[in-house]
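Here's a quick tour of the structure below. We'll start with one residue and its surroundings, then turn to the core and the charged pairs.

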Amino acid sequence: MVELGPGVDLSFQSLIGQDLREVDLSGANLRRAILDGADLEGANLSGADLRNASMIGTNAMKAAFDNADMRNVTAKKARFGLANFQNAKMDGADLRGIRGRYAVWRGANWWDAKMNDDLRAALKKKWPQDG
């Protein structure tokens, strides 16, 4: 297992199915990392670079993604309940099938992501595009 901590470079790494609960990966480089099926519950990914990462089926309940760069991330069927996406960049992210209705989306551009219509409708009510 690679060394984990704030600012670590895990770009292009395979972390499939890894237990990363409560790990501090704030400011980490996770570009193109494969986190499919990983357990990130309660992890801190604030300010992390997750561009083009794969998070298919990942458990990220209660995880912090505030100010994270999640452009073009693929997170189909991931669990994001109670996660914090405040001010996250989500252009082109694939969030279809996720659970994230009870997450904090303030300031995140979720409307530029692909997601199911029922989640989009729920987010429009609570986190309108203008702020």
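**Around N59**

Setting aside neighbours within four places in sequence, N59 touches A38, D39, L40, E41 and R79. Keep in mind that this is a predicted model.

- One of those partners gets a polar handshake: the side chains of N59 and D39 make a polar contact at 3.1 Å.
- N59 counts as buried because its relative accessibility is 7%, under the 20% cut-off.
- Along the chain, N59 sits in the segment that comes before helix 1 (117-126).

**The nonpolar core**

- The largest nonpolar core takes in 43 residues. Inside it, L50, F65, F80, F85 and M90 have the most contacts.
- F65 has plenty of company beyond four places in sequence, including L45, L50, M55, F80 and F85. Its contacts also take in S46, N84 and Q86.
- As background, nonpolar side chains tend to be buried together in soluble globular proteins.

**Salt bridges**

- Seven salt bridges turn up across the whole structure.
- R21 pairs with D19 at 2.5 Å, N to O. R21 is partly exposed at 46% relative accessibility, and D19 is partly exposed at 45%.
- R51 pairs with D49 at 2.6 Å, N to O. Here R51 is partly exposed, at 24%, whereas D49 is buried, at 15%.
- D94 bridges to R96, with the closest N and O atoms 2.5 Å apart. D94 is buried at 6% relative accessibility, while R96 is partly exposed at 39%.
- Shared partners also link D49, R51, D69 and R71 into one salt-bridge network.

Technical notes:
Residues numbered from 1 in each chain as written. Predicted model: local features only at pLDDT ≥ 70, side-chain atom pairs only at ≥ 80, totals over all residues. Heavy atoms only, no water. Core = buried A, V, L, I, M, F, W, Y, C linked by side-chain atoms within 4.5 Å. Buried < 20%, exposed > 50% of the residue type's maximum accessible area, 1.4 Å probe, protein only. Contact = heavy atoms within 4.5 Å. Helix = DSSP H or I, 4+ residues; strand = E, 2+ residues; numbered from the N terminus. Polar contact = N/O pair within 3.5 Å; in protein donor to acceptor, adjacent residues only side chain to side chain. Salt bridge = Lys/Arg side-chain N within 4 Å of Asp/Glu carboxyl O.
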